[in-house]
Amino acid sequence: MFRHGSLNTCGYKPICRGRSTKAARRGEVCVSWNLHFFIWWFFRWGVRYRARYVLAGGLEVVEDGVVEVDDAGRVVGVGRYTGGVAADLGAVVLMPMLTNAHVHVLDAVLMDRDDLYIDDLVGWPHGVKYHVVRQLVRRGRHISVLRRVAERMRMYGVGCAVVYAEYAARDVEEVFRQYGIEAVVFQEAHGDFPNYPNVQVASPLDHPPEYLRELRRRYRLLSTHVSETADCHEGGDLDLALRVMDADVLIHLVHLTPEEAAQIPPGKTVVVNPRANAYFVGRVAPVPHLLHLKPLLGTDNVFMNEPDPWAEMKFLHAYAAAAGWQLAERDILAMAALWPWEKLRCNPPIETGQPLRALAVAAPYAGDKIYKYLVKRVSHRDLIAVIKGDRVEAL
Ligand SMILES: [Zn+2]
C-alpha cells in the first residue's frame, strides 16, 4: 500500500520545507521520519499528512493542518495538527487538484496557427482545425499528440479535464487516464449519432432543431459553445441550447446580458475561458453575472493557449481588476478547485469520506492571504507533488 519509491525520506531531521532546499528544488518531497518506521506504521494505521495550510471542504483554510487517510485512500479526518505521527509536507498548501473545464486537445497539432479569423480557424465544418485534425486521426498520429498534451496538463496539477474531442473521444479518454487525469470527454456530433455517451456541437445554430432534440433523447451529457461571438448571440444560440437542446454544459457565454444570465437554470454547468475570449473576440464573459451558477474555468484550444489553469486564474484576476469587477480570489480559485466537483464530480474536495487527490503547493512566503497567493502568484513551478491516498507522486 505504501509506495516508498515515490517518496523520499531525509533521515530523522525535517530538512525539507517547501522549495527552499536542494532536495525540494529537485522536485522531491521529503518527510521527517525514518522510512522503515513509516512503512510499518502506515501499514497498520493508514497515513496522516501534515501541512502548513490545508484547504479543507469548501476551501476553508486550516493552518497547521493534518489530513488522515485510511488504507483505502479515503479521508477519515481533517483538522488542526495537535500531535502524533504525521508525514510532514512542510511549508505547503495542501489543496484539491485543479480542473480544466474546457479544452480542445487534438488541435495541439496546429500549434500557434492562430492568425486567421475565428470562423476560418475553428468554425465547423470548413475551419482549418477540422481539416487538419481529421487527417491527423485518419493517419493514426493523434495518440502521440494526446500524450504530449496530457503530460503537460499533469504537470499543471490538472486532475480532471472536460475535453471537446472533434474526433476519437475514446482515445482521448484512454490516454488521459494513462496520465492519471480523469477526462469527461464530449465527442463532437457532425449531423450523425456518435457511439459515445457524451456529445457536443460546435454551435446549436449549425443544426436543425429536430436533430438537437434527438441528441437530447440519445445521450447522457450534452454540451455546446454559446454566444462566443456577437453573431451567434444575435442568432439566438442561447435559446436553442437551453430550450431545444437542453444542454448540460454551456461554454463561453461572452455576449450574455445580465437578464439572460439570470435565466439559466441553476442545474446547468457553465464554463468561461477568459484568455481565449480576450484573444479571439476581445471581451470576457460577464463572470460576476454568472456567479450564482458557480462557473468553471477552461483554457479552450491548446493550439492557442497552454492548458494551464494557473495561467487562466491569473489572467482572470488581472482582467477583473481592470474591468472593476468585485471578484473574490476565493471565487476564482473555486472555479478551478471546488465548483467542478459540485457541478461535474471532478476532483473531490479534501473532506471526510472522499478519496484524497490533492496538490502540495510550495508556500514559502504565503502570508495570511492564501487565496490571493494561490490565484495571483503560484505557477506550476510551485507544485511539489500530487498526493493520491497513500501515494506521493513528485511533480
Ligand atoms: Zn471551445
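In the predicted model, histidine 225 of strand S12 lies opposite isoleucine 251 of strand S13. These two strands, S12 and S13, are paired in the parallel sense over 4 bridges. Strand S12 spans residues 221-226, and 5 of its 6 residues are buried, so the strand is largely enclosed by the rest of the structure. Strand S11 (residues 198-201) is also joined to S12, through 4 bridges and in parallel, with valine 201 facing threonine 224 of S12. Between S11 and S12 the chain passes through helix H7 (residues 209-218), and the resulting β-α-β crossover is right-handed.

Strand S13 (residues 249-252) runs parallel to strand S14 (residues 269-272), and 3 bridges connect the two. Within this pair, leucine 250 stands opposite valine 270 of S14. These pairings belong to an open sheet of 9 strands with parallel pairing, in the order S15-S14-S13-S12-S11-S10-S9-S8-S16. The edges are formed by strand S15 (296-297) and strand S16 (300-301); each has a single partner strand, so one side of each is left without a neighbour in the sheet.

Helix H6 (residues 169-178) packs on this sheet, where it touches strand S9 (158-165) and strand S10 (182-188). The direction of H6 makes about 170 degrees with that of S10. In H6, the residues Ala169, Val172, Glu173, Val175 and Phe176 are buried. The buried residues of the helix pack against S9 and S10 and also against helix H5 (142-155). In an α-helix, residues three or four places apart point the same way, because there are 3.6 residues a turn.

Positive phi values occur on either side of H6 in the chain. Alanine 168 is located in the loop between S9 and H6, and its phi is near 60 degrees, a positive value in a residue other than glycine. Most residues other than glycine have a negative phi. Alanine 168 has 23 C-beta neighbours inside 10 Å and therefore counts as buried, the cut-off being 20 or more. After H6 comes glycine 180, with a positive phi near 75 degrees.

Asparagine 347 is a further non-glycine residue with a positive phi, again near 60 degrees. This asparagine is placed in the loop between helix H15 (339-344) and strand S17 (357-362). Asparagine 347 counts as buried because 23 C-beta neighbours lie inside 10 Å.

Packed helix pairs are described by the angle between the axes and the distance between them. For helix H11 (residues 274-281) and helix H13 (residues 309-323), the angle is about 65 degrees and the axes are 8 Å apart. The contact brings Pro274, Arg275 and Ala278 of H11 together with Glu312, Phe315, Leu316 and Tyr319 of H13. Of the residues in this contact, 5 are nonpolar and 2 are charged, while no polar residue takes part.

Valine 85 lies in the loop that links strand S5 (75-80) and strand S6 (87-88). Because it has 14 C-beta neighbours inside 10 Å, valine 85 counts as partly exposed. The C-alpha atoms of valine 85 and arginine 50 are 9.2 Å apart in space, with a separation of 35 residues in sequence.

Conventions:
Residues are numbered from 1 along each chain as its sequence is written. This is a predicted model: local features need pLDDT of at least 70, side-chain atom pairs count only at pLDDT 80 or more; totals for chains, interfaces and linings use all residues. Two strands pair if DSSP finds at least two bridges between them. Two residues are in contact if their C-beta atoms, placed from the backbone, lie within 7 Å. Axes are lines fitted to C-alpha atoms, for helices over the stretch in contact, and angles run from 0 to 180 degrees between N-to-C directions. A residue is buried if 20 or more other C-beta atoms lie within 10 Å of its own, exposed if 12 or fewer, and partly exposed in between; C-beta atoms are placed from the backbone. Ala, Val, Leu, Ile, Met, Phe, Trp, Tyr, Cys and Pro count as nonpolar, Asp, Glu, Lys and Arg as charged, and the others, Gly among them, as polar. A crossover is right-handed if, with the strands pointing away from the viewer, the path from the first strand over the helix to the second runs clockwise.
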